[in-house]
Amino acid sequence: MRKLLIIGIGAGDPDHLTVQAIKALNRADVVFLPDKGEEKAALRHLREEICARFIEKPYRTVTIETPQRAAAGSDYRGVVVDWHARIAALYARRFTEDLAEGQCGALLVWGDPALYDSTLRIVERVRAGGLAIDWEVIPGISSVQALAARHKIALNRIGEPVLITTGRKLAGGFPAGQDSVVVMLDGEQTFARIPAEDLEIYWGAYLGTAEEILIAGRLADVAGEIEAARSQARERHGWIMDIYLLRRRPAATEA
Ligand SMILES: C[S@@+](CC[C@H](N)C(=O)[O-])C[C@H]1O[C@@H](n2cnc3c(N)ncnc32)[C@H](O)[C@@H]1O
């Protein structure tokens with residue numbers, strides 16, 4: 001049977017790769033590199049750099065051209081499901097044509113495959129479509145972990161939960177009943193559009209890379225500074241990836 005290794009590669013620093021991920025890379029006969037067109041060249045280069053640095057045996061790379069997602073409009077879920085179906089058809093064809101029976105392929109996933117990434121759902125679709133392929137998932141260091149480590153903070157308060165959500169969801173307001181909220185996939189600087197009282201922010205962009213930027217403080221005090229830093233960096237590099245923790249300011253007794 002064909003085998004697929006879905007490998008979390010960390011959030012930007014090649015040193016994020018775990019020993020398990022390096023071992024998995026070295027089992028691969030073929031490394032599949034999805035090319036989403038809009039994906040930043042910098043991210044593609046990091047994948048290539050990881051292969052060159054860590055794979056110590058001959059391997060082939062195969063690029064999978066993936067279609068762009070249609071504008072979401074009101075039916076966000078429907079658009080994404082349709083997009084996944086089209087990607088699954090392309091993946092199925094590449095796995096069939098570029099991976100022989102008994103061979104092992106690797107898919108390199110940014111951060112951790114379990115967090116805001118569609119690869120696992122797409123591979124499920126490929127299997128549901130009839131291709132007999134076994135698969136393993138190798139966890140990676142996510143941008144959430146990288147954010148916490150770089151700010152030297154615990155994400156949760158003592159015994160309290162953490163919510164991980166998107167900028168799209170945060171636009172509806174700071175989630176009721178929550179204390180600590182990690183926001184990903186926010187292209188709109190939503191933190192600057194919600195009431196700031198009682199909130200603090202720990203923001204990071206390009207985590208794990210030479211371009212990394214970190215800003216933290218009371219949201220009311222630093223929101224403008226983050227907006228300025230974000231738009232300058234975006235203009236300079238042509239793209240940006242950022243993530244932040246918002247949380248209610250601690251009571252005087254909180255450790
Ligand atoms: C499609 S999601 C992928 C998340 C990934 N699977 C993970 O585990 O981090 C992309 C979002 O992750 C966050 N992200 C990923 N890498 C990042 C980095 N190096 N610096 C800041 N944010 C990052 C950003 O919020 C970005 O919009």
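How many bridges join β7 to strand β10, and do they run parallel or antiparallel? Keep that in mind while we walk through this predicted model; the answer comes at the second stop.

**Stop 1: the sheet of domain 1**

Start by colouring the two domains: the domain assignment gives domain 1 as residues 2–138 and domain 2 as residues 143–248. Now look for an open sheet of 5 strands, in the order β3-β2-β4-β1-β5, with parallel pairing. Select 60–65 and 133–138 to light up its edge strands, β3 and β5, each of which pairs on one side only. From one strand to the next, the twist averages 25°.

Next, select residues 30–35, which form strand β2; β2 and β3 pair in the parallel sense over 6 bridges. For a landmark, show Val 30 and find Arg 60 in β3 standing opposite.

Then bring in the helices. Residues 41–54 are helix α2, which packs on the sheet and touches β2 and β4 (104–109). The direction of α2 makes about 170° with that of β2. Select 76–98 for helix α3, which lies across β1 (2–8), β2, β3, β4 and β5. Relative to β3, helix α3 runs at about 155°.

**Stop 2: strand β7 and its neighbours**

Move on to residues 180–184, strand β7, which is mostly covered, with 5 of its 5 residues buried. Turn on the side chains here. In a regular strand, side chains alternate between the two faces of the sheet. In β7, Ser 180, Val 182 and Met 184 point one way, while Val 181 and Val 183 point the other way.

On to the pairing partners. Select 162–166 to see strand β6, which is joined to β7 by 5 bridges and runs parallel with β7. Thr 166 has Met 184 as its bridge partner in β7. Now select 242–248, strand β10, for the opening question: 4 bridges join β7 to β10, and these strands run antiparallel. Show Ser 180 together with its bridge partner in β10, Arg 247.

**Stop 3: where the domains meet**

Finally, zoom out until both domains are in view. Their C-alpha centres lie 27 Å apart. Select the contact residues and you should find 12 from domain 1 and 14 from domain 2. What do the two domains bury between them? The area is about 1,100 Å², with 74% of it on carbon and sulfur atoms. If you look for salt bridges across this interface, the rule finds 0.

Technical notes. Residues numbered from 1 in each chain as written. Predicted model: local features only at pLDDT ≥ 70, side-chain atom pairs only at ≥ 80, totals over all residues. Heavy atoms only, no water. Pairing = 2+ DSSP bridges. Helix = DSSP H or I, 4+ residues; strand = E, 2+ residues; numbered from the N terminus. Axes fitted to C-alpha atoms, helices over the stretch in contact; angles between N-to-C directions. Contact = heavy atoms within 4.5 Å. Buried < 20%, exposed > 50% of the residue type's maximum accessible area, 1.4 Å probe, protein only. Domains from an automatic or database assignment. Buried area = accessible area lost by both parts, 1.4 Å probe. Salt bridge = Lys/Arg side-chain N within 4 Å of Asp/Glu carboxyl O.
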